[in-house]
Amino acid sequence: MKSTSWKKDYLVVMHSDYDNTWSCKTIPCTFMQALRFIRAKGWTNALDKDTVRIVTLTEWATLPKYEVAA
């Protein structure tokens, strides 16, 4: 059986109440790396409040993002 635990297809994203968008805080990483990043930053309470999420790359494509006007 092939292991999928080394696939780097997760991101840590944070919600902004100001403009109701999500911003990416990490590069693609494994699920455990994402959990350790959140714990190291002290964002465990934000994870419980759903202000910070761990999403896959396909979920990230569907979330509203901040667009810079040119």
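Is Phe31 buried, partly exposed or exposed, and what is its relative accessibility? In this predicted model, Phe31 counts as partly exposed, because its relative accessibility is 38% and the class of partly exposed residues lies between the limits of 20% and 50%.

**Aromatic pairs**

A search of the whole structure finds 2 aromatic pairs. One of them joins Tyr10 to Phe31 in an edge-to-face arrangement, with the ring centres 5.4 Å apart and an angle of 70° between the planes. This pair links distant parts of the chain, since Tyr10 belongs to strand 1 (residues 10-16) and Phe31 to helix 1 (residues 31-41), with their positions 21 residues apart in the numbering. Tyr10, like its partner, is not hidden from the probe: at 26% relative accessibility, Tyr10 counts as partly exposed, and Phe31 is partly exposed at 38%.

Phe37 and Trp43 form an aromatic pair that is also edge-to-face, with 5.7 Å from centre to centre and 80° between the planes. Phe37 has a relative accessibility of 24%, which means that this residue counts as partly exposed.

**Salt bridge**

The structure holds 1 salt bridge, and the side chains that meet in this contact are those of Arg53 and Asp50, at a distance of 3.3 Å from N to O. Side chains of opposite charge can pair when their charged atoms come close. Arg53 is partly exposed, with a relative accessibility of 29%, and Asp50 is likewise partly exposed, with a value of 39%.

**Cysteines**

A disulfide is a covalent bond between the sulfur atoms of two cysteines. How many disulfides does the count give? The count comes to 0 disulfides. For Cys24, the closest cysteine sulfur is that of Cys29, at 8.5 Å, and this is too far for a bond because the cut-off is 2.5 Å. Seen from Cys29, the closest cysteine sulfur is in Cys24, at 8.5 Å, so the separation again rules out a bond. The surroundings of the two residues can be described as well: Cys24 is partly exposed, with a relative accessible area of 33%, whereas Cys29 counts as buried at 8% relative accessibility, because the limit for a buried residue is under 20%.

**Contacts in brief**

The table sets out the aromatic pairs and the salt bridge with their distances.

| Contact | Residues | Distance |
|---|---|---|
| Aromatic pair, edge-to-face | Tyr10 and Phe31 | 5.4 Å, centre to centre |
| Aromatic pair, edge-to-face | Phe37 and Trp43 | 5.7 Å, centre to centre |
| Salt bridge | Arg53 and Asp50 | 3.3 Å, N to O |

How values were computed: Residues are numbered from 1 along each chain as its sequence is written. Side-chain values use heavy atoms; hydrogens and water are left out. Buried means under 20% relative accessible area, exposed over 50%, partly exposed in between (1.4 Å probe, protein chains only). A salt bridge is a side-chain nitrogen of Lys or Arg within 4 Å of a carboxyl oxygen of Asp or Glu. Rings of Phe, Tyr and Trp (its six-membered ring) pair if their centres lie within 6.5 Å; planes under 30 degrees apart count as stacked, over 60 as edge-to-face and the rest as tilted. Helices (H or I, at least four residues) and strands (E, at least two) are DSSP runs, numbered from the N terminus.
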